[in-house]
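Hello! Here is the structure I promised to pass on to you. Have a look at it first, and then read on for what turned up in it.

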Amino acid sequence: MTNQQNVVVLDVISRGVSNVLPRSSLPVPKSFSPQDLKMLLMKRFEAENGGAKISAWVDSMRASSPTRIKSSTTASLPETDDTSSWIVHHPSALSMFEQIVAGSKGKQIVMFLDYDGTLSPIVEDPDQAFMPKEMRATVRDVARYFPTAIVTGRCRDKVYSFVKLAGLYYAGSHGMDIKGPSKSCKYKKGNQGVLFQAASEFLPMIDEVYKDLVEKTKSIPGTKVENNKFCVSVHFRCVDEKSWAALAEQVRSVLNHYPKLKLTQGRKVLEIRPTIKWDKGRALEFLLESLGYANSTNVLPVYIGDDRSDEDAFKVLRERGQGFGILVSKLPKETNASYSLQEPSEVKEFLKRLVDWKKMSQRAAKCA
C-alpha cells in the first residue's frame, strides 16, 4: 500500500465512511470497527487493481497471438510499406546466405535452435508437436558439422522425446535445465556431459503450481496445462477468446500465492517461471562457455527461434557483437534478430544449405 492509500484509509477511519464513500457503495454496519473498515477498503482496492491487471494480461495475450497465416508453398509476407521496411532491416537468411557464410570465415559456427515453431510446426495440441522426419535428418547433419543445441521452453526430457538425437545439447525450461551429449563428443571438453540446473530449489513449488492450475482451469474448455519441470505452461490456443479473461483471472489467483514466481508470455501460452535471472540468453552464454568459446573471437553463434522468449538470446548476440539471431515469423515483429525466415520449412532449407556449404568447404580444403 502506498502512502497515499494509507492516508485515505486513515482519513476514512477518522471521519467515518459516510464522508468518504459514495452512498451507492456497499452499506457499512454501524458496528464496523476501524480495522473492519480498513480491511473492506483494502479488499476493494485489491479487486479494482486485480481487474486492471487482468485487462492488461488479456491485451498482452492478444498482442502475442497474431492471426495465423496458413502455410503453403506460395505463402509470403503481405506486401505493405511497413513489411517492406521490416524486411530491409531483417532480410531473409536464405537470400543473404552467401553473406552469412562469408562472415564465418575462420570461425566455428555454433547452432542454437528453438523447437516449437522453428523445427516443428505450431499445432493445437502441444503433445502432438512432432518433428518431421526430414527436419530430424537435417538437424542430425547439422550436428555432425557444428556444435548444436536445442533451446526451448519445453521440459528437456519432453523435447528430447521429440528430437531423438543423442549428439546434441538440450536446454529445456527456457535454459534452466541443460544437458550435453552423454557419449563422446568432439566438441565437448572432458568426458562428462554438461549438466546444469539453475532452479532446482523451485521444483516442489512448480509441482504445486501445476496441480493448482490444472484444478483451477479445468472448467475453461480448451485449456492445456503443461508441467515443463522448471516452469509451467498454460496453453490457450484452443480457448475461445471470450474466455481469456476468465483464464487470466484463474492464473492470477494461483500466482498471487507464489511471489517467487513470475508470469511471461509466448505464442498463445502463459508461462509461470522462477524469478531468477536466467533465460535463453543466459543459457546461450553458458553453453558457449562450456564449449570453450566464452571469450573467443573465433566463434560465430547462430540462434534461430520464433518466440518472444527467444528475444533474450537475440539480444545477447547483438550486445556481444558476435553472431546473429534469425527470427522465424510470417509477420513483422519488433525483434533483436538480424535476419528472418518465414516458417520451419525455410529453417530446414537454411540448415541444409549450411551443411552443403560446409561439405564443399571441407572438400575444397582437402584439394588445396
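**Aromatic rings**

Phe130 has a relative accessibility of 48%, so this residue counts as partly exposed, since that class runs between 20% and 50%. Before going further, please keep in mind that this is a predicted model.

Phe130 has a ring partner, Phe162. The centres of the two rings are 5.5 Å apart and their planes stand at 85°, so this pair is edge-to-face. Phe130 sits in the loop between strand 1 and helix 5, while Phe162 belongs to helix 6, so the pair ties together parts that are 32 residues apart in sequence. Unlike its partly exposed partner, Phe162 counts as buried, because its relative accessibility is 3%.

In the whole structure, a search finds eleven aromatic pairs. Here is another of them: the rings of Tyr115 and Phe162 have centres 5.5 Å apart and planes at 5°, so these two are stacked. This pair also links distant parts of the chain, 47 residues apart, with Tyr115 in the loop between strand 1 (108-113) and helix 5 (133-145) and Phe162 in helix 6 (residues 156-163). Both Tyr115 and Phe162 are buried. Elsewhere, one aromatic cluster is formed by Phe112, Tyr303 and Phe314.

**Another residue of helix 6**

Val159 also lies in helix 6. Is Val159 buried or exposed? With a relative accessible area of 1%, Val159 is buried. Apart from neighbours within four places in sequence, Val159 is in contact with Tyr115, Ile150, Thr152, Arg154 and Tyr170. You met Tyr115 above, as the stacked partner of Phe162. Val159 and Gly172 are 13 residues apart along the chain, and 7.6 Å separates their C-alpha atoms.

**The chain as a whole**

Now for the overall picture. The secondary structure comes to eleven helices and twelve strands. The chain has 368 residues, and 46% of them count as buried. The chain exposes about 19100 Å², with carbon and sulfur atoms supplying 51% of that area. If you take the contacts between residues at least 6 apart in sequence, 63% of them join residues at least 24 apart.

**Two helix pairs**

Two packed helices are described by the angle between their axes and the distance between the axes. For helix 5 and helix 11 (residues 344-367), the axes come within 9 Å and cross at roughly 35°. The crossing of these two helices is left-handed. Helix 5 contributes Glu134, Met135, Thr138, Val139, Asp141, Val142 and Tyr145 to the contact. From helix 11, the residues taking part include Val347, Leu351, Val355 and Gln362.

Helix 7 and helix 8 (residues 244-255) make a second pair, packing at an angle of about 145° with their axes 10 Å apart. Here the crossing is right-handed. Val209, Asp212, Leu213, Lys216 and Thr217 of helix 7 meet Leu247, Gln250, Val251, Ser253 and Val254 of helix 8.

Two of these residues turn up again around Thr223, which is placed in the loop between helix 7 (203-217) and strand 6 (224-227). Leaving out neighbours within four places in sequence, Thr223 is in contact with Thr217, Val234, His235, Val239 and Leu247. A polar atom of the Thr223 side chain also lies 3.0 Å from the backbone oxygen of Ile220.

**Helix 9 and a serine in a loop**

Why is helix 9 (residues 280-290) described as largely enclosed by the rest of the structure? Eight of its eleven residues are buried, so that description fits. The buried ones are Lys280, Gly281, Ala283, Leu284, Phe286, Leu287, Leu288 and Ser290.

Both ends of helix 9 are worth a look. At its start, a side-chain oxygen of Asp279 reaches to within 2.9 Å of the backbone nitrogen of Gly281. After the helix comes Gly292, which has a positive phi near 90°.

Lys280 of helix 9 leads us to Ser309, since these two are in contact. Setting aside neighbours within four places in sequence, Ser309 is also in contact with His174. Ser309 is found in the loop between strand 10 (299-305) and helix 10 (311-320). Its relative accessible area is 8%, so Ser309 is buried.

Happy exploring, and write back with any questions!

Key
Residues are numbered from 1 along each chain as its sequence is written. This is a predicted model: local features need pLDDT of at least 70, side-chain atom pairs count only at pLDDT 80 or more; totals for chains, interfaces and linings use all residues. Side-chain values use heavy atoms; hydrogens and water are left out. Rings of Phe, Tyr and Trp (its six-membered ring) pair if their centres lie within 6.5 Å; planes under 30 degrees apart count as stacked, over 60 as edge-to-face and the rest as tilted. Helices (H or I, at least four residues) and strands (E, at least two) are DSSP runs, numbered from the N terminus. Buried means under 20% relative accessible area, exposed over 50%, partly exposed in between (1.4 Å probe, protein chains only). A polar contact is a pair of N or O atoms within 3.5 Å; within protein, one must be able to donate a hydrogen and the other to accept it, and residues adjacent in sequence count only if both atoms are side-chain atoms. Contact means heavy atoms within 4.5 Å. Accessible areas come from the Shrake-Rupley method with a 1.4 Å probe; for residues, only the protein chains shown count as cover. Axes are lines fitted to C-alpha atoms, for helices over the stretch in contact, and angles run from 0 to 180 degrees between N-to-C directions. A crossing is left-handed if the near helix is turned anticlockwise from the far one by less than a right angle, and right-handed if clockwise.
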